[in-house]
Amino acid sequence: MTRTDDLRHMARAIQLARRGLYTTDPNPRVGCVLVRDGAVVGEGFHRRAGEPHAERNAIDAAGELARGATAYVTLEPCCHHGRTPPCTDALLESGIARVLIGMEDPNPLVSGRGISRLRAAGVAVETGVLEQAARALNPGFDKRMRGGLPYVRCKLAASLDGRTAMASGESRWITSADARRDVHRLRARSSAVITGIGTVLADDPSMNVRLGPEEFPSLWPEEPPRQPLRVVVDSALRMPAGARMLQLPGATLIATCEDSPRAIARANAAGAEVQVFPKDPSGRVDLHILLCYLAEREINEVLIEAGPTLAGAAMQAGVVDELRVYLAPHLMGAAARGLFELPGLERMEQRIPLRLGDVRRIGRDLRLTLRPVRED
């Protein structure tokens with residue numbers, strides 16, 4: 001097997017893993033390819049928590065041809081009993097001779113132990129094969145396991161002059177239908193979507209995934225997209241009982257600082273779950289503590305879709321890992337509302353630096369992916 005062959009088969013495993021992009025939560029997305037005598041004899045990916053992992057699916061597909069084969073797996077095989085039995089046992093029982101791994105599992109229950117178990121049994125193991133691409137499959141799982149926080153994206157839609165709504169509040173629609181469909185796919189891969197009470201009171205949004213299975217090639221035709229947890233940051237607990245999102249399938253969590261039994265009971269009666277959090281120095285919900293709480297609920301990826309107040313607060317709190325900005329080719333004028341509310345920035349050295357990553361055209365709009373530059 002040449003190095004080119006190894007990279008090609010790992011690339012296929014990564015492609016398979018992406019078929020679980022919208023369904024594996026809270027588990028990581030994993031793909032596996034089995035190759036014997038230069039021919040692919042089995043493929044598999046992890047579809048859903050509680051169902052077989054990628055390695056077992058590939059082994060089942062290969063049958064007896066798995067013996068003596070090479071396994072290409074995007075994430076280190078697990079070696080502990082969780083929702084399913086250890087994948088290291090399945091690989092050893094099937095007679096796999098060689099295992100190539102994209103990245104080490106950040107889960108402390110695994111974290112190198114799966115690799116050690118395979119090597120101790122005489123299996124040849126190589127790690128770090130297409131590691132960057134393998135790691136990109138699971139930014140939320142990786143971050144949650146390593147640091148107890150989810151991966152946070154902040155989505156924004158703006159005109160070319162950086163405006164998100166007219167002075168009156170009118171904002172439909174800034175971007176094209178193509179860009180809006182792209183946002184729904186971003187929601188569908190997210191474990192939770194966060195917005196602020198100001199957006200709820202102004203727009204009464206649904207904050208759900210409203211595309212059919214045909215928009216998600218990885219889903220079976222009969223399977224609708226999983227709805228993320230909706231989270232409303234509502235410090236004073238002003239959530240209207242008739243809010244649209246409370247009438248929709250899926251759960252809505254209200255994050256508040258208002259510890260009023262009567263107000264909480266009203267929100268519960270309307271269909272919301274309420275969680276009380278400490279205040280930050282500005283008197284609002286402490287976003288860092290909120291995100292720690294979401295990680296404890298096995299939330300991997302969070303999407304913030306909010307107005308300039310909450311978006312600015314998230315940036316200043318340093319909790320945003322990635323910005324997705326959709327820029328529309330029109331101008332809305334100086335009186336229109338801006339992207340972020342960032343009080344206290346008065347000098348050039350106070351700027352928040354960003355690193356530009358991916359730039360691509362979505363319909364008639366541009367989509368920019370940026371990341372805050374942080375000191376290590």
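This passage describes the two sheets, the helices on one of them, a pocket and an aromatic pair in a predicted model.

In the sheet of 9 strands, the order is E11-E10-E9-E8-E12-E6-E13-E16-E15, and the sheet is open with mixed pairing. Strand E11 (273-276) and strand E15 (354-362) occupy its edges; each has a single partner strand, so one side of each is left without a neighbour in the sheet. On average, and with direction ignored, neighbouring strands of this sheet are turned by 25° against each other. At the E15 edge, 7 bridges connect E15 with strand E16 (residues 365-372), and the two run antiparallel. Within this pairing, leucine 354 has proline 372 of E16 as its bridge partner.

Two helices are associated with these strands. Helix H9 (residues 261-269) lies across E11 and strand E10 (252-256), and runs at about 150° to E11. Helix H10 (residues 287-296) packs on the sheet, where strands E6 (151-159), E8 (192-196), E9 (229-233) and E12 (301-305) are touched, as are E10 and E11. The direction of H10 makes about 160° with that of E9.

The aromatic analysis returned 1 pair. The ring centres of phenylalanine 277 and tyrosine 293 are 5.4 Å apart and the planes stand at 75°; since an angle over 60 degrees counts as edge-to-face, the pair is assigned to that class. Phenylalanine 277 belongs to the loop between E11 and H10, whereas tyrosine 293 is in helix H10, so the pair ties together parts that are 16 residues apart in sequence.

The second largest pocket has a volume of about 640 Å³. Its lining comprises 21 residues, and Arg18, Leu21, Arg189, Arg324 and Arg367 lie nearest the centre. By class, the lining of this pocket holds 12 charged, 7 nonpolar and 2 polar residues. At least two lining residues are supplied by each of E6, helix H7 (177-189), strand E13 (322-328), E15 and E16. Of the contributions to this lining, that of H7 is the most, with 4 residues.

A further open sheet consists of 5 strands in the order E2-E1-E3-E4-E5, and its pairing is mixed. Strand E2 (39-45) and strand E5 (124-126) are the edge strands, each pairing on one side only. Neighbouring strands of this 5-stranded sheet are turned by 15° against each other on average, direction ignored. Strand E4 (residues 98-103) and E5 run parallel and are joined by 3 bridges. Arginine 98 stands opposite alanine 124 of E5.

Terms used: Residues numbered from 1 in each chain as written. Predicted model: local features only at pLDDT ≥ 70, side-chain atom pairs only at ≥ 80, totals over all residues. Heavy atoms only, no water. Pairing = 2+ DSSP bridges. Axes fitted to C-alpha atoms, helices over the stretch in contact; angles between N-to-C directions. Contact = heavy atoms within 4.5 Å. 1 Å grid on protein atoms, 1.4 Å probe; cavity = no way out; pocket = protein on both sides within 12 Å on 5 of 7 lines; lining within 4 Å. Points joined across faces, edges and corners; volume = space filled by probe spheres on them. Nonpolar A, V, L, I, M, F, W, Y, C, P; charged D, E, K, R; others polar. Phe/Tyr/Trp six-rings, centres within 6.5 Å; stacked < 30°, edge-to-face > 60°.
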